[in-house]
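Q: I would like a close look at the buried acidic side chains in the model shown below. Please take them slowly, and then set them against the surrounding parts of the fold.

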Amino acid sequence: MKLKLTLALILGVFSYIYAQEISDTSFGKGLINFTAKDSSFSIKFAPRFQVRYNSSWDYNGDKYENTEYNFIVRRARLKFDGFAYSPKLKYKIELGLSNRDISGANQFNRNTPRYILDAVIMWNFAKNWELWAGQTKLPGNVERVVSSANLQLIDRSLLNSRFNIDRDMGIQLRHKTNLGGNFLMREKFALSQGEGRNVTEGNEGGLQYTARLEFLPFGTFKSKGDYFQSDLKREQKPKLMVGFTYDLNQDAVKDRSVLGSYMFKSDGSLYKTDITTVFADAMFKYKGLSFMGEYAKRTADQPIAIDTDGITPTGDIVLTGHALNLQAGYLFKNNYEVVGRYTTLDYEAVTEKLPRNQYTLGVNKFIVGHKLKVQSDLSYSTLDNKQDNITFRLGFDIHF
């Protein structure tokens, strides 16, 4: 209730301030885009939401049967960003309002909704150096770091949903190095709590260490295009980013590193084990053609959770294994796009989960780039190489 009243007050104040003015901003540039007269701070307010329809059919042995269909507001978010005191000190706050954004209340976040997605400051303290502090995405696989507002298909792949390292609270150090000519290398390091976002009751496990290297042999993409999908800028020269991430979550207490369920023992204490996740990925764009490839692998020192007696399994198992995701699309001059994606998951035997393959075909219409678009996709999934499921999705995004 307090959050709702605060947001209402903020919107009310800005509505009053601008009630008699015509803003010089435009759609997609922020609902409010304000810089103080003395240039001591700036703020951009950009709400967005995504609505979609889902329909799913399972194969029952001789035919497909419709098992699910629904309409959902998948994402509804309020984003604030800008600078404070100096353009070298930037900030970002993003709040989630949809059910999927705020779910996950538990004893470690005082059983409250998880409204906060991002709350981070970014300080450019020296040439080519930035220090980040707060809660935000870790420098993991490129598909996860790409905003959900800038996806080429309606949602991310199975690789991402099973193996990504998501958001966490901590600090990050970022640097970029010119290796000669247009060749650029970016280094990103993170030290975080290791339990995911919105945890308030201290660090139950150890710390999480993340390192990422990115190589751009042909120089930077237009408008940071390596971190949005589809070649909306129609790169006139080939552009490529290749990235590698190593992540170690020491004494992790969840079955998917910073995500998933807590692993409890019978006495209420938490089972802990070291979890390692590695990624290799690439992003390529050229004249409307785009390609993204990702490989992920997760291992754990002791993936089977053991109870207090040191012998009996609790039933919790760390989700270990590896996955490959390949995605390509072509954007026509009329801003229609066709996209194809192939994802394969192969879990370690200890998880007792079967391998899964998924084939997805999508069609998009970009009206104002990713800020206003209509998307649809059709996915065919197999479990252990057997007929399994067909899913159709249709949705739209609007981002002020």
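A: What follows begins with the acidic side chains and then turns to the cores, the strand pairs and some backbone angles. Please keep in mind throughout that this is a predicted model.

The place to begin is D168, which lies in strand β7, the run of residues 167-180. The residue is buried and yet has no salt bridge, for the nearest side chain of opposite charge belongs to K254 and is 7.8 Å away. That distance is beyond the 4 Å cut-off for a salt bridge, so K254 cannot be counted as a partner of D168 in that sense. The acidic side chain does have polar neighbours, however: a polar contact of 3.0 Å joins the side chain of D168 to the side chain of S192, and the backbone nitrogen of Q193 lies 3.4 Å from a polar atom of the D168 side chain. Setting aside residues up to four places away in sequence, D168 touches G134, Q135, T136 and L138, then the run S192, Q193, G194, E195 and G196, and finally Q208 and V258.

A second acidic residue, E214, makes a useful companion case. E214 lies in strand β9 and counts as buried because its relative accessible area is 0%. Two polar contacts involve the side chain of E214: one, at 3.2 Å, is made with the side chain of K188, and the other, at 2.8 Å, with the side chain of R212. Leaving out neighbours within four places in sequence, E214 is in contact with L184, M185, R186 and K188, with Y227, and with M241, V242 and G243.

From these two residues one can move to the nonpolar interior. The largest nonpolar core has twelve residues, namely L138, L158, L159, F163, I165, A190, F279, A296, L319, A323, L345 and Y347. Helix α4 (158-163) and strand β18 (336-347) each supply at least two of the residues in this core, and the largest share, three residues, comes from α4. L138 appears both in this core and among the residues touched by D168. Another core member, L345, touches L158, L159, R162, F163, H322, A323, P355 and R356, again not counting residues up to four places away in sequence. A second, separate core has ten residues and includes V142, L151, L184 and M283; of these, L184 is also one of the contacts of E214.

V146 is a further buried residue to consider here. V146 is found in the loop between α3 (142-145) and α4, and at 0% relative accessibility it counts as buried. Not counting residues up to four places away in sequence, V146 touches K137, L151, R156, Y227, F228 and Q229. Two of these names have appeared already, since L151 is in the second core and Y227 is in contact with E214.

The strand pairing can be followed in two places. Strand β4 is joined by seven bridges to strand β5 (residues 116-126), the two running antiparallel, and K90 stands opposite M122 of β5. Strand β5 is joined in turn by six bridges to strand β6 (residues 129-137), also antiparallel, with I121 having A133 in β6 as its bridge partner. Elsewhere, strand β2 (residues 42-59) runs antiparallel to strand β21 (residues 386-399) over eleven bridges, and R52 stands opposite G395 in β21. Strand β20 (residues 372-383) also pairs with β21 in the antiparallel sense, over twelve bridges, and L383 has K386 in β21 as its bridge partner.

Backbone angles give a last point of detail. Most residues other than glycine have a negative phi, so the exceptions deserve a look. In the hairpin of β5 and β6, where two residues lie between the strands, N128 takes a positive phi near 65 degrees; in the hairpin of β20 and β21, which also has two residues between the strands, D384 takes a positive phi near 55 degrees. Y85, which is not a glycine, has a positive phi of about 75 degrees, and lies in the loop between β3 (64-84) and β4 (86-96). S230, likewise not a glycine, has a positive phi of about 80 degrees, and its place is in the loop between β9 (208-216) and β10 (239-252). The surroundings of these two loop residues contrast, because Y85 counts as exposed at 74% relative accessibility, whereas S230 counts as buried at 1%.

Technical notes: Residues numbered from 1 in each chain as written. Predicted model: local features only at pLDDT ≥ 70, side-chain atom pairs only at ≥ 80, totals over all residues. Heavy atoms only, no water. Pairing = 2+ DSSP bridges. Helix = DSSP H or I, 4+ residues; strand = E, 2+ residues; numbered from the N terminus. Buried < 20%, exposed > 50% of the residue type's maximum accessible area, 1.4 Å probe, protein only. Lys, Arg positive; Asp, Glu negative; His and termini not counted. Polar contact = N/O pair within 3.5 Å; in protein donor to acceptor, adjacent residues only side chain to side chain. Contact = heavy atoms within 4.5 Å. Core = buried A, V, L, I, M, F, W, Y, C linked by side-chain atoms within 4.5 Å.
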